[in-house]
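The following account leads through a structure by way of its charged pairs, its helices and its loops. It is meant to be read alongside the sequence and the coordinates.

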2 protein chains.
Amino acid sequence: MLESGENCFEVGSWKLTMEEASRPKEKTMEEAKGFVRRVLLFKFKAETAPDHIEQLIKDHSNLVNLVESLKSWHMGKDVSVKYSNEGFTHVIELTFESTEGIAAYMGHPAHLEMHERIWPHLEKIVVIDYKPTLCN
Amino acid sequence: MLESGENCFEVGSWKLTMEEASRPKEKTMEEAKGFVRRVLLFKFKAETAPDHIEQLIKDHSNLVNLVESLKSWHMGKDVSVKYSNEGFTHVIELTFESTEGIAAYMGHPAHLEMHERIWPHLEKIVVIDYKPTLCN
């Protein structure tokens, strides 16, 4: 295995292009200040109708319009063909400028309302927050 | 809850800027062709030393230099303060241009070697593939 990792560095935004990412590391580190991502994995209960799931996901996406600290919202349905998806069917990725931004989101009435609506329909969930490092 | 979801669309690359993302939907859909992301959540065994974990992660990041179909590699350590991280400590995000790209990665000798090295150290893992939709 080759030595690796020296070409990894923090990134400030998913807007960052590969060209921008090749700038000196110090500059890129500065850009990275506070950027945090949250990944949610959902497995919905069998009794929740597919069109209800679709509506919940659509409504969840609207949080990006309602919560200022939430900077971007991505979602994808599982297309795994192998390995351990553990039955999760939806991935949601949220991007915040800071951990404070996550705290603001957590306490925002729109999030709290969404949480109350979606929670009873989840068989299981994983939520994990992290500061991404890019290596390309 | 407001109506939502109409402003969601497929994105072709994480390089896409917010300005580019506001182009007409048809253009953006075209860019999205085949783009697939894989998220891995790792929880390492308690007996694996932290510096060994660091080395495994560094070596895993090097796959982006060895496997052509792997277009970007991001990693972050858990910084969750609440909720259900289920004990996972590392998130790795891989981006491929297509599901065929994932298949090529899965069969690549460098991936297979890495898989054999990292697997014995994992207490649990989730791997999920999805085609991201952006809403911002």
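A residue counts as buried when its relative accessible area is under 20%, as exposed when that area is over 50%, and as partly exposed in between. The model under discussion is predicted, and every value below is computed from it.

With that cut-off in hand, B:Arg37 can be placed: its relative accessible area is 0%, so this residue is buried. A:Glu93 likewise has a relative accessible area of 0% and is therefore buried. These two residues form a salt bridge, in which the closest N and O atoms are 3.8 Å apart. Because B:Arg37 belongs to strand S2 (residues 36-44) of chain B and A:Glu93 to strand S4 (residues 90-96) of chain A, the pair joins two chains. The pair is also part of a wider arrangement, since a network of salt bridges links A:Arg37, A:Glu93, B:Arg37 and B:Glu93.

Side chains of opposite charge can pair when their charged atoms come close. Over all chains, a search of the whole structure finds 12 salt bridges. One of them connects A:Arg38 with A:Asp129, with 2.7 Å between the closest N and O atoms. Here A:Arg38 is located in strand S2 (residues 36-44) of chain A and A:Asp129 in strand S5 (residues 122-130) of chain A, so the salt bridge ties together parts that are 91 residues apart in sequence. Both partners, A:Arg38 and A:Asp129, are buried.

What is the setting of the salt bridge between B:Lys77 and B:Glu54? The two side chains meet at 2.7 Å, N to O. B:Lys77 lies in strand S3 (residues 70-77) of chain B and B:Glu54 in helix H3 (residues 50-61) of chain B, so parts that are 23 residues apart in sequence are tied together by this pair. B:Lys77 has a relative accessibility of 41% and thus counts as partly exposed. B:Glu54, with a relative accessible area of 37%, is partly exposed as well.

The helix that carries B:Glu54 merits a description of its own. H3(B) contains 12 residues and reaches 17 Å from its first C-alpha to its last, close to the 16 Å expected at 1.5 Å a residue. The buried residues in H3(B) are B:Ile53, B:Leu56, B:Ile57, B:Asp59, B:His60 and B:Ser61.

Two packed helices are described by the angle between their axes and the distance between the axes. In chain B, helix H5 (residues 99-107) packs against helix H6 (residues 109-118) at an angle of about 60°, and their axes are 5 Å apart. That angle makes H5(B) oblique to H6(B). From H5(B), the residues that make the contact are B:Tyr105, B:Met106 and B:Gly107, and from H6(B) they are B:Pro109, B:His111 and B:Leu112. By class, the residues of this contact divide into four nonpolar, two polar and no charged.

In chain A, helix H5 (residues 99-107) holds A:Gly101. With a relative accessibility of 6%, A:Gly101 counts as buried. Apart from residues up to four places away in sequence, A:Gly101 touches A:Ser69 and A:Phe96. A:Leu63 and A:Gly101 are 38 residues apart in sequence, and their C-alpha atoms are 13 Å apart in space.

The loop between strand S3 (70-77) and S4 of chain A contains A:Asn85. Its relative accessibility is 18%, so A:Asn85 counts as buried. Which residues are in contact with A:Asn85, leaving aside neighbours within four places in sequence? In chain A they are A:Asp78 and A:Ser80, and in chain B they are B:Val126, B:Val127 and B:Ile128.

Backbone geometry adds a further point. Most residues other than glycine have a negative phi. A:Glu86, found in the loop between S3 and S4 of chain A, has instead a positive phi near 60°. At 42% relative accessibility, A:Glu86 counts as partly exposed. B:Glu86, in the loop between S3 and strand S4 (90-96) of chain B, also has a positive phi, near 55°. B:Glu86 counts as partly exposed at 42% relative accessibility.

Conventions:
Residues are numbered from 1 along each chain as its sequence is written. Chains are lettered from A and ligands numbered from 1 in the order in which they are written. This is a predicted model: local features need pLDDT of at least 70, side-chain atom pairs count only at pLDDT 80 or more; totals for chains, interfaces and linings use all residues. Side-chain values use heavy atoms; hydrogens and water are left out. Axes are lines fitted to C-alpha atoms, for helices over the stretch in contact, and angles run from 0 to 180 degrees between N-to-C directions. Helices (H or I, at least four residues) and strands (E, at least two) are DSSP runs, numbered from the N terminus. Angles under 35 degrees count as roughly parallel, over 145 as roughly antiparallel, 65 to 115 as roughly perpendicular and the rest as oblique. Contact means heavy atoms within 4.5 Å. Ala, Val, Leu, Ile, Met, Phe, Trp, Tyr, Cys and Pro count as nonpolar, Asp, Glu, Lys and Arg as charged, and the others, Gly among them, as polar. A salt bridge is a side-chain nitrogen of Lys or Arg within 4 Å of a carboxyl oxygen of Asp or Glu. Buried means under 20% relative accessible area, exposed over 50%, partly exposed in between (1.4 Å probe, protein chains only). The expected span of a helix is 1.5 Å times one less than its number of residues.
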